[in-house]
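Here is a short briefing on a model with its sequence. Look at the structure first, then read the points by topic.

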Amino acid sequence: MTINKNTEGTKLTYSIDGRLDTETAPQLEADLNKSVNGITELSFDFAKLEYISSAGLRVLLTAQKIMNKQGSMVIRNVNDVIMEVFDVTGFSNILTIE
Amino acid sequence: METILKLSVSAMLPVLMSGLLYLAEKKTKFGTLSYRTRQIITGILFGAIAVFGTEFGINAGGAILNARNAAPLSAGLIFGGPAGIIAGVIGGVERWFATFWGAGEYTRFSCSVTTVIAGLIGATIRKFMFDNKKPSWIFGLITGMVVEVLDMLMIFLMNMSDIHYAFTFVQRCSIPMIPINGISVMLSLLIVSLIGKERINIHKEHKKIIQTFQKWLLLRIVSAFGITCVFTFVLQTRVSNNDTNDLLTLNINDVCADISDASDANLLSLTYNVASEISAAEDVDDDLLLGLSDKYDVAEISVIDKKGIVTKTTHEPSHNYDMADGEQSAEFLVLLKGEKEYVQSYQPTSDDPGISRKYAGVALPDGGFVQVGYDARRFQKDIDEQVVGITKNRHIGENGSIIICDENGVIVSDRNNYQGKMLEDTGLSPDKLSAPENQRFTAEVYGETSYCMYTVSEGYSIIAVTPVSEARFSRNISVYVTVFMEVLIFTSLFILIYILIKYLIVDNIRKINKSLSKITDGDLDVTVDVRTNEEFSSLSDDINSTVATLKHYIAEAAARIDKELEFARAIQLSALPSVFPPYPNHSEFEIWAGMSTAKEVGGDFYDFYLIGDNRLAFIIADVSGKGIPAAMFMMTAKTLIKSLAETGIEVDQIFITANEKLCENNDAGMFVTAWMGILDLATGMVTFANAGHNPPLVRHRDGSVEYFKSPSGFVLAGMEGIQYSKNELQLYPGSMIYLYTDGVTEATDANEQMYGDERLKSILISLSGADTEAVCKAVKSDVDTFVGDAPQFDDMTMLCLEYKGTSGFTEKKEG
């Protein structure tokens with residue numbers, strides 16, 4: 001997995017390439033914890049995301065909870081495979097997916 | 001002044017070029033060219049500046065002043081070795097041929113060679129001392145000056161045939177050229193630093209060893225150099241002073257001796273004449289003596305008897321004077337002891353120190369002696385002929401001379417035809433002659449600052465003069481050459497020590513640090529292997545053995561953790577119902593469940609229990625994450641849900657309450673996906689709720705299999721205040737429901753292909769008629785076949801329930 005990160009002022013965007021699973025989710029979580037402070041618009045670009053496991057979902061949930069307090073969080077370019085996971089787990093109800 | 005200004009302008013060229021090229025490298029396409037191309041271009045440009053320096057050097061009294069060497073040095077230090085060498089070769093070769101169109105032949109060799117060397121030095125220093133980085137300005141200054149010193153020393157050593165000229169040349173060139181070249185290189189480095197926006201004094205909490213070392217070594221070397229220079233200067237000055245004094249004294253003594261020889265002979269011959277007239281006279285009385293003193297124009301004639309008493313004299317007060325009474329007069333008593341003659345030098349008389357006279361005595365045949373004294377005016381008249389011109393051709397050294405003047409300050413003899421003139425005409429004030437005799441003083445003589453020394457002999461003042469420039473010449477050569485040599489020696493010493501320390505210690509420490517940081521990053525298989533000397537060898541060994549010990553402990557700790565995880569796993573598994581069939585008394589259903597665990601303890605679970613006699617609750621769930629936290633969360637969730645279910649509330653209420661409880665104190669942000677159903681044993685009606693879990697598969701009585709999808713609620717423990725809906729699924733006798741976790745559908749093979757929903761559905765279709773245990777085992781074995789040797793990271797959990805119906809089951813409707 002590769003994480004590309006782009007910060008513009010208080011906007012932070014992550015583009016995730018590859019699999020977000022038990023092995024790789026901790027990397028994203030660690031980086032998020034480091035960078036999320038002071039961010040008001042957090043977005044994830046999932047155009048190149050191939051797979052998300054429950055560990056990945058957990059990171060999204062944590063991020064969503066943080067952003068509920070300090071701004072907004074958006075997920076973009078979700079493909080069908082990932083969308084199905086979001087639907088099955090009910091995450092599509094709590095995430096803002098564009 | 002104008003020379004310095006012009007020279008400064010030419011010295012600014014390398015600075016300007018450095019700034020421009022640096023900017024070009026940073027801001028324009030020049031920076032995108034290959035390293036080699038950039039080096040060549042930079043080398044040529046700086047070479048051109050060196051050529052410019054040669055062609056437009058400033059002529060200062062025959063010596064051409066320029067800042068040629070600054071260009072290759074700047075190129076080498078700032079832009080890289082190859083550029084420096086190219087610039088040096090261009091500048092050096094051009095200088096060699098420049099003699100054909102006007103450049104000085106005199107410094108041809110040394111200047112060409114030094115320019116090439118300047119490029120080499122810039123390149124070498126950058127590469128070996130500064131790790132191919134730009135050094136700080138202070139090293140630029142020093143290097144620039146040292147290279148120029150080398151140039152000067154070479155000019156001097158290559159032209160030893162005329163040391164005088166060579167030295168004058170070097171002396172004239174070195175003062176402007178050495179600092180100007182140094183400053184030029186220094187400014188080049190500074191301007192590049194400024195453009196690069198580096199702070200010039202970077203304050204860091206921890207300095208690198210090599211920087212601290214650099215600073216101290218430089219400080220020590222410079223002070224050692226300073227002390228040696230001062231010592232050399234003082235010593236050489238002393239030696240030169242002594243030599244000058246000796247030279248002056250010796251010359252004065254020679255002249256004194258010549259003069260006193262002349263005056264001694266003169267007075268003696270007079271005295272012999274007087275003595276012979278006295279001997280021939282019948283009656284010797286004062287009148288005779290007065291007559292003789294007039295005749296010979298002497299100041300005083302006395303006759304002394306055998307006892308040393310003055311019997312007759314022209315000098316009335318001396319009558320009956322005992323010669324033994326005065327120190328000066330007593331000397332003549334040797335004439336009573338057999339000496340024939342005695343001459344004294346011009347000096348104050350014993351009975352009146354206010355009067356200076358020269359005396360001579362000659363023994364009389366009848367005993368006693370005659371003493372004749374005359375004053376300076378008288379004997380100078382006689383010996384002037386001998387004294388005049390005595391020093392006309394006398395040199396002290398090359399340009400020094402001796403001036404003789406009489407008591408009135410009229411010059412009697414000198415080298416520059418000042419005879420007859422007054423002493424002050426030479427520039428030397430007669431006041432100076434009130435200083436003690438035979439002591440060196442400095443005065444302006446013949447328009448030149450000179451060291452002088454004088455002595456008074458026979459009434460003449462004899463002044464030895466030597467120009468300071470000449471007296472100091474050998475000292476200056478010694479000091480210059482020694483200082484220049486010392487500059488080179490101390491610089492080489494500095495570089496040598498620096499490079500030694502760098503290679504022996506600093507580089508090794510760097511290597512060790514590199515290995516250590518790999519080790520700290522977690523690679524415990526890295527070994528440190530620095531074996532250049534015993535100390536580092538033993539340090540390497542120590543680090544390696546420490547890491548080995550650490551590795552051992554970590555392995556032990558890991559083993560202990562593995563064991564603890566195994567226990568956790570065992571406890572987790574023992575919490576799941578594992579006896580099948582669990583309810584032998586109930587024929588209405590058949591249930592089988594199993595969990596095959598991945599290596600790491602996970603958070604899957606299944607559960608089933610009867611609620612009252614009529615209802616069977618069954619659940620499959622998956623806690624996010626892995627390890628002990630997931631396992632503990634799973635235990636909490638499982639227990640909580642079971643205790644809620646046993647109160648008899650509806651399945652949606654179970655989830656709503658469980659969610660609220662699990663959200664409390666869930667700092668770790670864990671969540672559970674779960675699918676829970678409650679089967680009414682009498683009717684086959686399953687009421688269920690789904691908290692974000694995969695949809696179950698249902699196998700109908702006719703063998704058709706489908707995913708039973710329903711609106712999914714959010715995962716448990718994810719967020720407070722989530723509502724779950726209650727759904728229904730009617731089972732008929734022979735219908736089967738198959739629940740699983742994503743460990744099944746997301747099992748991956750070696751090509752990272754997932755097992756997937758379709759394969760799962762197909763295998764279920766193919767298992768038509770099989771009972772719950774067979775279904776679970778067959779799916780498990782199919783998944784195992786699919787993944788092969790690929791490692792699995794997730795638990796694989798499944799639960800299969802077949803509704804058999806009751807004897808009194810009545811079909812309401814089907815289809």
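A residue counts as buried when its relative accessible area is under 20%, as exposed when that area is over 50%, and as partly exposed in between. By that rule, 49% of the 815 residues of chain B are buried. This is a predicted model. The points below take the two chains in turn, then the contact between them, then selected local features.

**Chain A**

- Chain A has 98 residues, and buried residues make up 46% of them.
- Its secondary structure comes to four helices and four strands.
- Along the sequence, these elements of chain A follow the pattern β-β-α-β-α-β-α-α.
- Take the contacts in chain A between residues at least 6 apart in sequence: 66% of them join residues at least 24 apart.

**Chain B**

- Chain B holds 18 helices and 23 strands.
- For chain B, 67% of the contacts between residues at least 6 apart in sequence join residues at least 24 apart.

**The interface of chain B and chain A**

- Chain B gives 24 residues to the contact, and chain A gives 18 residues.
- The size of an interface is often given as the accessible area lost when the parts come together.
- Here the area buried between chain B and chain A is about 1,700 Å². Carbon and sulfur atoms give 60% of that area.
- On the chain B side, B:Phe671, B:Phe714 and B:Met719 lose the most area to chain A. Together they account for 29% of what that side buries.
- The rule finds zero salt bridges across this interface.
- Four residue pairs are in polar contact across the interface, with both residues at pLDDT 80 or more.
- The chain B residues that touch chain A divide into ten nonpolar, ten polar and four charged.

**Salt bridges**

- Over all chains, the count comes to 24 salt bridges.
- In chain A, A:Asp31 forms a salt bridge with A:Lys5, and their closest N and O atoms are 3.3 Å apart.
- That pair links distant parts of the chain. A:Asp31 lies in helix H1 (residues 25-35) of chain A, and A:Lys5 lies in strand E1 (residues 2-8) of chain A, 26 residues apart.
- A:Asp31 counts as buried because its relative accessibility is 17%. A:Lys5 counts as partly exposed because its relative accessibility is 39%.
- In chain B, B:Asp131, B:Lys502, B:Asp507 and B:Arg510 are linked in a network of salt bridges.
- Within that network, B:Lys502 pairs with B:Asp507, with the closest N and O atoms 3.5 Å apart. Both B:Lys502 and B:Asp507 are buried.
- B:Asp507 also forms a salt bridge with B:Arg510, where the closest N and O atoms are 3.9 Å apart.
- B:Arg510 and B:Asp507 both lie in helix H12 (residues 468-520) of chain B. They are three residues apart, about one turn of the helix.
- Are these two helix residues buried or partly exposed? B:Asp507 is buried, at a relative accessible area of 17%. B:Arg510 is partly exposed, at 37%.

**Hairpins in chain B**

- In a regular strand, the side chains alternate between the two faces of the sheet.
- Strand E11 (residues 441-445) of chain B shows such alternation. B:Phe441, B:Ala443 and B:Val445 point to one face and are buried. B:Thr442 and B:Glu444 point to the other face and are not buried.
- E11(B) runs antiparallel to strand E12 (residues 448-457) of chain B, and five bridges join the two.
- The bridge partner of B:Ala443 in E12(B) is B:Ser450.
- E11(B) and E12(B) form a hairpin with two residues between them. In the turn, B:Tyr446 has a positive phi of about 50°.
- Strand E3 (residues 300-304) and strand E4 (residues 310-313) of chain B also pair in the antiparallel sense, over three bridges.
- Opposite B:Ser302 stands B:Thr313 in E4(B).
- Five residues separate E3(B) and E4(B) in their hairpin. B:Gly308 in this turn has a positive phi of about 90°.

**A buried threonine**

- B:Thr687 is found in strand E18 (residues 685-691) of chain B.
- B:Thr687 counts as buried because its relative accessible area is 10%.
- Leaving aside neighbours within four places in sequence, B:Thr687 is in contact with residues including B:Glu650, B:Met676, B:Ile678 and B:Asn727.

Technical notes
Residues numbered from 1 in each chain as written. Chains lettered and ligands numbered in written order. Predicted model: local features only at pLDDT ≥ 70, side-chain atom pairs only at ≥ 80, totals over all residues. Heavy atoms only, no water. Contact = heavy atoms within 4.5 Å. Buried area = accessible area lost by both parts, 1.4 Å probe. Salt bridge = Lys/Arg side-chain N within 4 Å of Asp/Glu carboxyl O. Polar contact = N/O pair within 3.5 Å; in protein donor to acceptor, adjacent residues only side chain to side chain. Nonpolar A, V, L, I, M, F, W, Y, C, P; charged D, E, K, R; others polar. Buried < 20%, exposed > 50% of the residue type's maximum accessible area, 1.4 Å probe, protein only. Pairing = 2+ DSSP bridges.
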